[in-house]
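User: Could you take me through this structure? I should like to discuss the charged pairs, the cores, the cysteines and the surface.
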Amino acid sequence: MEHGSTLILTRRDVAALLDLETCIAAVADAFRRHGLGTAAPPGLLGLPVEGGGFHLKAGRLDGHFAAKINANFPGNPSRHGLPTVQGVIALFEAGTGVLLALMDSMEITTLRTGAATAVAAAHLAVEDATVVTVVGCGVQGRVQLRAVAAVRPVARAWAVDADPDRASRFSAEMSAALAIDVTRAPDLAAAASASDIVVTCTPSRRAFLGPGHVRPGAFVAAVGADNEEKQELEPALLAGSTVVTDVLEQCATIGDLHHALDAGLMTRARVHADLGEIVAGRKPGRRSAEEVIVFDSTGMALQDVAAAAAVYERARAAGAGTVVRLDGTARRPPWAMAAVR
């Protein structure tokens, strides 16, 4: 690509280039590098506004630096017919500062979040986990179930949502997609207590899952809390479980962990590990069949770098996207033109 040019990739482009399996592999490697300490610590900046908020996550991995700016407005679908999450990822060449690509962030955010749960489940869920409860039946819930099913022999899933119709649609679609029994749960407590894995991926600002909802040996992936106002888990659930974070300092500020810290039921020293330490083999994963493990997933910037770099390399190989110069000139990539010839 010509020096000084930038590749523009739409959400459709990204969706065509990035599959869940590739994303899981890229995210697992990002966690491993984080656990080994060979990647620079990721950065986070958040700005709450009325009705939602913005956050910027940035990190460097190998020869790439990426900064993701996401807007998160939970009321968008019902009030404005817009997506909850909208944003962009800027991918740079780390050694020169060249802006390699600008890409829509929604597909990457969705897939890398599911991929993190898959990596965590592969290390922290019991090996014969067959029953899953998914709380939150939107786009992220669908990816979460696909991700867990990619690493564990899932045979049945319960769907829980504040909107029963949405849970029913989720059940029908995911039953067909995964060829497993997915059923709308009439009761969260009954479903969660019968599950090996519970995934929460909601915009809730009030805890709804507590220690009485999960059985011994359960793995809980708490995905929804990504700012300090959100909460899905009761502090007592974390206090009575083995807690694994994606990034300890981040979870202590914006994850479910921070509510347990504020309640005085947890200390940072009681957190077992960052997931990267487990992936890298520096700390153990599951230590017994009866252990309840909570994964506090707030979204690590290195996940975005790894996924964005994979998308960029695939785009170049496939001739996807549009090359622009920020002086206003736009044209198809030279490798795409060669492919046409």
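Analyst: The following answers take those topics in turn. This is a predicted model, in which local features need pLDDT of at least 70, side-chain atom pairs count only at pLDDT 80 or more, and totals for chains, interfaces and linings use all residues. Residues are numbered from 1 along each chain as its sequence is written, and side-chain values use heavy atoms, with hydrogens and water left out.

User: How many salt bridges does a search of the whole structure find?
Analyst: The search finds 16 salt bridges, a salt bridge being a side-chain nitrogen of Lys or Arg within 4 Å of a carboxyl oxygen of Asp or Glu. Side chains of opposite charge can pair when their charged atoms come close.

User: What does lysine 68 pair with?
Analyst: Lysine 68 forms a salt bridge with aspartate 304, at 3.1 Å from N to O. Lysine 68 is in strand 4 (residues 64-72) and aspartate 304 in helix 12 (residues 301-318), so this pair links distant parts of the chain, 236 residues apart. Helices (H or I, at least four residues) and strands (E, at least two) are DSSP runs, numbered from the N terminus.

User: Which other side chain meets that of aspartate 304 in a salt bridge?
Analyst: Arginine 112 does, at 2.8 Å from N to O. Arginine 112 lies in helix 4 and aspartate 304 in helix 12, so the pair ties together parts 192 residues apart in sequence.

User: Are aspartate 304 and arginine 112 buried or exposed?
Analyst: Aspartate 304 is buried, with a relative accessible area of 2%, and arginine 112 is buried at 3%. Buried means under 20% relative accessible area, exposed over 50%, and partly exposed in between (1.4 Å probe, protein chains only). Lysine 68 is buried as well.

User: Which residues are linked in a network of salt bridges?
Analyst: Asp29, Arg32, Arg33 and Asp62 are linked in such a network. Elsewhere, arginine 287 and glutamate 291 form a salt bridge at 3.0 Å, N to O; glutamate 291 counts as buried, at 10% relative accessibility.

User: Moving to the interior, how many residues has the largest nonpolar core?
Analyst: It has 73 residues, and Met103, Ile108 and Phe219 have the most contacts inside it. Its largest share, nine residues, comes from helix 4 (residues 106-124). A nonpolar core is a set of buried Ala, Val, Leu, Ile, Met, Phe, Trp, Tyr and Cys residues joined through side-chain atoms within 4.5 Å. Another core, of 26 residues, lies apart from it and includes Ala191, Leu233, Met266 and Val271.

User: And the disulfides: how many does the structure hold?
Analyst: It holds zero disulfides, a disulfide being a pair of cysteine sulfur atoms within 2.5 Å. For cysteine 23, the nearest cysteine sulfur is that of cysteine 201, 16 Å away. For cysteine 201, the nearest is that of cysteine 137, 7.5 Å away. Cysteine 23 counts as buried at 0% relative accessibility, and cysteine 201 at 13%.

User: Lastly, where is leucine 45, and what is it in contact with?
Analyst: Leucine 45 is in strand 2 and is exposed, with a relative accessible area of 57%. Leaving aside neighbours within four places in sequence, leucine 45 is in contact (heavy atoms within 4.5 Å) with Phe54, His55 and Leu56.

User: Where is valine 49?
Analyst: Valine 49 is also in strand 2 (residues 43-49), and is partly exposed at 33% relative accessible area.
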